[in-house]
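Reader: I should like a close look at a single part of this model, followed by an account of what surrounds it.

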Amino acid sequence: MVSVAILGAAGGIGQPLSLLLKMNPHVTRLSLYDLVNVPGVAADVSHINTNSSVESHLDKQNLGAALAGIDIVIIPAGVPRKPGMTRDDLFNINAGIVRTLAEAIADHCPAAIIGVISNPVNSTVPIAAEVLKARGVYNPKRLFGITSLDVVRASRFVRDIKPSVDAAALRIPVVGGHSGATIVPLLSQAEPRVEFSQKEIEELTHRIQFGGDEVVQAKAGAGSATLSMAYAAARFTESLIRAISGEDVVEPAFVSLDADPRGAENIRALGAGSLEFFAVPVQLGREGVKRIAPVPSITPFERKAIEVASGELQKNISKGVSFTQKAK
Ligand code: NAD
Ligand code: LMR
């Protein structure tokens, strides 16, 4: 019995994510919310013959009803990039959207597990955290920035140059954040192990860091990744659901390192320093973050990349925090 709300359900990500979660037999209630077009999306998805109920909630006056009693909230609401833009260029619009939605979550389902997709994730997750802190309901174990697409891309891009690899089975931890140089794939930690030349490592790292741009360019003004993101978010949600029912599952995510201070020690020593948020492999449990999984060892190339990522991340995190403080 798991109830899931999607905020921004009528968008490019929201629609295929609604479809994928309607097909998930563990979801019993699917609550779809958007400012536009959501009645059509909900009516359409509700005809799929799985047992879950589907609800349509249009417009802000129905946000409370969309959230009441919800276990997991996934947030793809917000504007996507166009060619030439960075994710940070979305801040001015999406920061306010995420703040409003986090306020409503604090009021209507404060114990829910939250997965933020809206960019720039490096700033929107700190914004959500600050809102929840201000309302006295913050639990760092229950707030996630969804970075699964970076991990999905990493395994697929490796397969492009190593055709003997099974892309679906390959696990490559990706740490740091979710934009350009803050995305740090740890190719040395691939499971099963894969041998790369230094040139392959450099090219793959760059491609994983800027994979989002490939889609933005190809869509030529019509948005960014939607289908692969819906897949990645559905996988993340499925992992949360499996963890809620007692299974041990490891998923990467951008989380507060306060969610597991002991587990975070290892990540801080790798270069995260005093950063509050970092993308890490997370062992999920009933409460959300059960443990930050250790990253055993990294190469000098990866350490350098983490150093670069950390400088950029600090600015992104501070920007989110000061946005919520200015609004007080
Ligand atoms: P989209 O424009 O197709 O859809 C966004 C939806 O959000 C629209 O239906 C819109 O009506 C809705 N919306 C806007 N303001 C809202 C509000 N206040 N409340 C509820 N709904 C609201 O965009 P998209 O392609 O679905 O992308 C959505 C976001 O996801 C973007 O910010 C994009 O950058 C981000 N994204 C993140 C990742 C990731 O890896 N984390 C991957 C892809 C895209
Ligand atoms: C992605 O990685 O595809 C998303 O963050 C969307 C984007 O703007 O690239």
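How many other C-beta atoms lie within 10 Å of that of A220, and is A220 buried or exposed?

Author: A220 is exposed because 9 other C-beta atoms lie within 10 Å. In this usage a residue is buried if 20 or more other C-beta atoms lie within 10 Å of its own, exposed if 12 or fewer, and partly exposed in between, with C-beta atoms placed from the backbone. The model is predicted: local features need pLDDT of at least 70 and side-chain atom pairs count only at pLDDT 80 or more, whereas totals for chains, interfaces and linings use all residues. Residues are numbered from 1 along each chain as its sequence is written, and chains are lettered from A and ligands numbered from 1 in the order in which they are written.

A220 is not a glycine, yet its phi is positive, about 50 degrees. Most residues other than glycine have a negative phi. A220 belongs to the loop between helix 8 and helix 9 (227–244); helices (H or I, at least four residues) and strands (E, at least two) are DSSP runs numbered from the N terminus. D59 offers a parallel: this non-glycine residue has a positive phi of about 80 degrees, is located in the loop between strand 3 (53–58) and helix 3, and is exposed, with 11 other C-beta atoms within 10 Å.

Helix 8 (residues 211–219) leads to ligand 2, giving the most to its shell, with 3 residues. A residue is near a molecule if its C-beta atom, placed from the backbone, lies within 6 Å of it. The surroundings of ligand 2 include R81, R87, N119, G212, V215 and V216. The shell comprises 5 nonpolar, 3 polar and 2 charged residues, where Ala, Val, Leu, Ile, Met, Phe, Trp, Tyr, Cys and Pro count as nonpolar, Asp, Glu, Lys and Arg as charged, and the others, Gly among them, as polar.

N119 also appears beside ligand 1, where G8, G11, G12, A77 and N119 come nearest of the 33 residues around it. N119 is joined to P120 by a cis peptide bond, with omega about -5 degrees, and P120 lies in the loop between strand 5 and helix 5. Around ligand 1, helix 4 gives the most to the shell, with 3 residues. Residues of helix 4 that are buried include F91, N94 and A95; the buried residues of this helix pack against elements including strand 5 (113–116) and helix 5 (121–134).

Methods
Two residues are in contact if their C-beta atoms, placed from the backbone, lie within 7 Å.
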